[in-house]
Amino acid sequence: MSTRTHKTGILPGEGIGPEVVDASLMVLDAVQKAEPVRLEYLKGEAGSYCIQKYGTNLPPKTVEMLKGTAACLKGPMTTPEEPGSPRSVAVTLRSIFDLYANVRPARSLPNVTSLKPNIDMVIVRENTEGLYSGKEFEAAPGVGVAMRIITRAASERVAKFSLELAMKRRKKLTFVHKANILKITDGIFKQAVHDMAKPYPEVELEDLHIDIATAQLIKRPESFDVIVTTNLFGDILSDEAAQTVGGLGVAAGANIGDRYGMFEPVHGSAPKYTGQNKVNPIATIEAVRMMLEYLGEKKAADRVGKATLKVLEEGKVLTYDLGGTSKTSDMGKAIAEKVLQLN
Ligand code: NAD
């Protein structure tokens with residue numbers, strides 16, 4: 001059987017980043033022994049620690065390196081909040097590579113506290129425009145203005161992406177907006193979803209306002225399949241969805257464009273846990289699983305997913321957030337071993 005090779009960027013990040021990325025690389029190393037796939041890792045620097053060294057949190061040589069790869073794994077990074085500080089590395093990479101769909105699965109897992117036992121949804125958030133792009137100015141002293149730009153083109157492509165995803169899943173697409181109040185911007189988004197859905201008659205469409213969507217996500221989380229929404233609504237809704245299935249330690253996100261994919265844990269750099277080998281690496285391992293799937297390595301991705309489920313089911317290795325005392329590296333090692341043991 002011929003082995004397929006993929007050049008993959010690895011940005012370990014900072015804080016707990018290097019620890020969770022190392023644990024995930026144990027799993028990626030194992031999968032390469034079990035499946036005919038080879039990943040050539042190209043490591044790069046990015047994060048707030050680069051600012052003093054390079055004057056930016058995303059050095060140009062890292063961007064150049066990433067341009068030569070098919071996808072990247074991005075560890076968590078610290079984003080300084082002072083006015084005038086650089087914007088987050090994730091936001092910059094989304095813009096450079098035009099990663100327009102932010103894909104955030106939320107699924108009930110064994111031995112992980114979940115609101116209901118059978119939650120399995122994916123939130124697709126438009127990733128390039130809307131309020132989250134942070135286009136703001138002070139029109140007069142004490143009067144701030146933020147621009148919420150919503151375009152037909154960006155709404156159409158994220159709607160199409162979500163419809164294609166729904167077709168591969170349970171064929172239900174919920175679109176979330178506030179078109180009763182934001183009649184122009186969300187009116188454009190809503191109309192784009194309706195029009196793009198015409199060639200997909202098998203997909204059941206559900207129309208929800210953002211306020212009621214946040215309530216329904218708690219009341220009936222198991223009823224959702226794919227949810228598509230605008231950038232800031234998606235940011236909020238996907239953290240809420242993550243919490244319904246166990247929180248930040250297990251939540252991962254994919255940022256997908258037409259030519260590139262960036263994969264990351266949803267959590268940040270958790271500075272208070274840095275260097276303690278304590279946090280849960282499953283969010284980053286899940287990011288790796290999604291990256292393998294994006295690279296077309298479905299068998300390798302499934303192997304990682306099954307190994308993670310098995311380790312959770314056995315419940316012998318669990319990090320503090322899941323009620324255990326295991327270390328980050330114990331969890332990485334346990335999942336890597338399971339990857340090798342599975343048939
Ligand atoms: P955080 O996600 O870093 O941590 C919040 C809390 O969540 C932690 O104190 C911890 O209790 C828990 N947690 C996070 N990851 C965990 C894991 N893997 N296992 C178990 N528990 C975990 O959020 P924060 O403290 O608000 O942000 C810290 C820094 O990270 C900030 O600078 C923020 O801007 C940045 N951030 C970066 C990203 C990213 O790089 N994608 C995302 C969110 C926040």
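**Ligand contacts and two helix crossings**

Let me start with the ligand, where a nitrogen atom lies 3.2 Å from an N or O atom in the side chain of H267. Please keep in mind throughout that this is a predicted model, so that every distance and angle I quote is computed from predicted coordinates.

Two further polar contacts belong beside that one: a nitrogen atom of the ligand is 2.9 Å from an N or O atom in the side chain of Y320, while an oxygen atom of the ligand sits 2.7 Å from a polar atom of A270, and in this case the protein partner belongs to the backbone. As for how much of the ligand is covered, the protein takes up 69% of the 810 Å² of accessible area that the ligand has on its own.

Which residues make up the surroundings? There are 20 residues around the ligand, and those that come nearest are M77, G268, A270, N280 and Y320, so A270 and Y320, which I have just mentioned for their polar contacts, appear in that nearest group as well. Sorted by class, the shell holds nine nonpolar, seven polar and four charged residues.

Let me now turn to the helices, beginning with helix 10, which spans residues 298-314, and helix 11, which spans residues 328-341. Their axes come within 8 Å and cross at roughly 120°, and because the angle has that value, helix 10 counts as oblique to helix 11. The handedness of this crossing is right-handed.

Helix 10 also meets helix 1, which covers residues 17-34, and here the axes come within 10 Å and cross at roughly 125°. Helix 1 and helix 10 are therefore oblique to each other, and helix 1 passes helix 10 in a crossing that is right-handed.

Methods:
Residues are numbered from 1 along each chain as its sequence is written. This is a predicted model: local features need pLDDT of at least 70, side-chain atom pairs count only at pLDDT 80 or more; totals for chains, interfaces and linings use all residues. Side-chain values use heavy atoms; hydrogens and water are left out. A residue is near a molecule or strand if one of its heavy atoms lies within 4 Å of it. A polar contact is a pair of N or O atoms within 3.5 Å; within protein, one must be able to donate a hydrogen and the other to accept it, and residues adjacent in sequence count only if both atoms are side-chain atoms. Accessible areas come from the Shrake-Rupley method with a 1.4 Å probe; for residues, only the protein chains shown count as cover. Ala, Val, Leu, Ile, Met, Phe, Trp, Tyr, Cys and Pro count as nonpolar, Asp, Glu, Lys and Arg as charged, and the others, Gly among them, as polar. Axes are lines fitted to C-alpha atoms, for helices over the stretch in contact, and angles run from 0 to 180 degrees between N-to-C directions. Helices (H or I, at least four residues) and strands (E, at least two) are DSSP runs, numbered from the N terminus. Angles under 35 degrees count as roughly parallel, over 145 as roughly antiparallel, 65 to 115 as roughly perpendicular and the rest as oblique. A crossing is left-handed if the near helix is turned anticlockwise from the far one by less than a right angle, and right-handed if clockwise.
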